[in-house]
Amino acid sequence: MLLMGEAFVEYLWKHDVFQEKDIIGKNCLVVGGSYISGGNYAPLLNKRLLHLGAARCDNVMLFDPYFQDSFCDLTDTEEAIGALRYDLIIVLSGMEKTRNIREGVRQLQEVCHVGGKIFVTARTPHDISARRELHTYEDIWRYDLESLEDLFHNCIPEKTAVDEGNGLVAVMFVRGESIDTVSSVTLFNTKRGEHVTIDDELPRGYFDGLSMLDAIGLKYRTDKCSMEHNYLNKYAFFLEKFRLQPTRLLELGIFNGASLRMWQEYFPYAEIYGVDIADRCSQYADERIHIIQADLSDPERVAKLKEIRPQIIIDDASHIVSHQLLALFTLFDVLPSGGVYILEDLETSLNPEQFGESYRDCPLDAYEVCARIAHVAARKVPDDDSLYAEHINRIGMAAELISVTKGTVIFVKR
């Protein structure tokens, strides 16, 4: 299934935005896109270009948690391709998340021959909420036709297209002689929710300074880092005090082991425990990384995890509400005073547009339970009367702090 931006490119392909004369015998480059499986669009586009007669076609894979060797953003283009130069460059993604976007655009022009084509697709400010997968992860920039043309001011816009319904814009540029970076341009900044001049000081927010934890997360390509969920700068605020202590950290859900390697480096004296139902996850065991295979829907297996007696617990497992509540109700009590419990990816409770009913398999969703716990903690009275009152009242009275961030809830125990 194509992502929205890729479907837009495919639509434009069928409407003759791409010409055979720009492909046959030419060197082509596909930047960004998805690569999770062989059926994804970027590798298929590569094969199509070669089939149509391209002399060669290369890909630059931008940040992808499935691939350790992916590059971060458009400012890595020159490093990715070295001395090679291209006649046609197709940018499937990267415009939104490249912080130094002027340098990214300069590099795209640098690796394109004079007179070559650079096709750019980007998201518009149409919708920056997470109602659709297109907008799940936090972006820095959004674009309209005018701002794209201003950014590529040395290039000639040959063809343009806008999908207003899905909030997408595309331009086919012809690379000009000069590649000097634009002196000043106004772009839509998602944090501010308005257009800003990129020469101005960008809004950084309380947590926006690159933390050591986020830098390590970027290194290991965990989806918790600022290129995707953008959790780690917030986590560092709560976890830095444990960094040089002999800590025990329990993470539910292993995925590809990236976050376990991140925790291993960030906490040099910690014992890291990762739990997952998949037996393949045993491969991620390492010095101070212990792998436990367990079904996190099984109350007995979850209760067994209390024997680890962790100071930090992160639930990044199935995101099914019944599993989240079972872990929270069972494991919170084992935390010591000052211990931290992080419940990730609450979008499954709150975004039915993206996540089906199978995630919300309980009378109260995980967010509602957390909100009720926060109510008890704020009032300092165990007054919840819901189906889960016993657990909600107990955790609420034992919580020192409950912090709701974008996508997560963080509990600190009294």
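Biologist: In which sense do S1 and S3 pair, parallel or antiparallel?

Modeller: Keep in mind that this is a predicted model. Four bridges link S1 and S3. One facing pair is Cys28 and Leu88, the latter in S3. The sense of the S1 and S3 pairing is parallel.

Biologist: Thanks! And in S2, what is the bridge partner of Leu29?

Modeller: Strand S1 covers residues 27-31 and is joined to S2 by five bridges. These two strands run parallel. Within S2, the residue that partners Leu29 is Asp58.

Biologist: Which strands stand at the edges of the sheet?

Modeller: Let's walk along the sheet. It is open, has six strands with mixed pairing, and follows the order S2-S1-S3-S4-S7-S6. A strand at the edge has a single partner strand, so one of its sides is left without a neighbour in the sheet. That description fits strand S2 (56-60) and strand S6 (156-163).

Biologist: What does the twist average from one strand to the next?

Modeller: Picture stepping across the sheet in the order S2-S1-S3-S4-S7-S6. From one strand to the next, the twist averages 10°.

Biologist: Now the helices: at about what angle does helix H1 run to S7?

Modeller: Helix H1 is made of residues 4-14. It lies across strand S3 (86-91), strand S4 (112-123), S6 and strand S7 (168-174). H4 also packs on the sheet, where it touches S1, S3 and S4, and its direction makes about 140° with that of S4. For H1 and S7, the angle is about 50°.

Biologist: How many residues of helix H10 are buried?

Modeller: A residue is called buried when its relative accessible area is under 20%. Helix H10 spans residues 321-331, eleven residues in total, and it is largely enclosed by the rest of the structure because most of them meet that cut-off. Among the buried ones are Val321, Gln324, Phe329 and Leu331. The number of buried residues in H10 is nine.

Biologist: Is S1 mostly covered or mostly uncovered?

Modeller: Strand S1 has five residues. Four of them are buried, and that makes S1 mostly covered.

Biologist: Last one! Which helix gives the largest share of the lining of the largest cavity?

Modeller: The structure holds one cavity of 30 Å³ or more, and about 40 Å³ of space lies in the largest cavity. Its lining includes Arg102, Gln109, His153 and Asp180, and the lining residues divide into three nonpolar, four polar and three charged. Four residues of this lining come from one helix, spanning residues 101-110. The helix with the largest share is H4.

Notes: Residues are numbered from 1 along each chain as its sequence is written. This is a predicted model: local features need pLDDT of at least 70, side-chain atom pairs count only at pLDDT 80 or more; totals for chains, interfaces and linings use all residues. Side-chain values use heavy atoms; hydrogens and water are left out. On a 1 Å grid over the protein atoms alone, a cavity is a set of points where a 1.4 Å probe fits but cannot get out, and a pocket is an open set with protein on both sides within 12 Å along at least five of seven lines; lining residues have an atom within 4 Å of a point. Grid points are joined across faces, edges and corners, and a volume is the space filled by probe spheres set on the points. Ala, Val, Leu, Ile, Met, Phe, Trp, Tyr, Cys and Pro count as nonpolar, Asp, Glu, Lys and Arg as charged, and the others, Gly among them, as polar. Two strands pair if DSSP finds at least two bridges between them. Axes are lines fitted to C-alpha atoms, for helices over the stretch in contact, and angles run from 0 to 180 degrees between N-to-C directions. Contact means heavy atoms within 4.5 Å. Buried means under 20% relative accessible area, exposed over 50%, partly exposed in between (1.4 Å probe, protein chains only).
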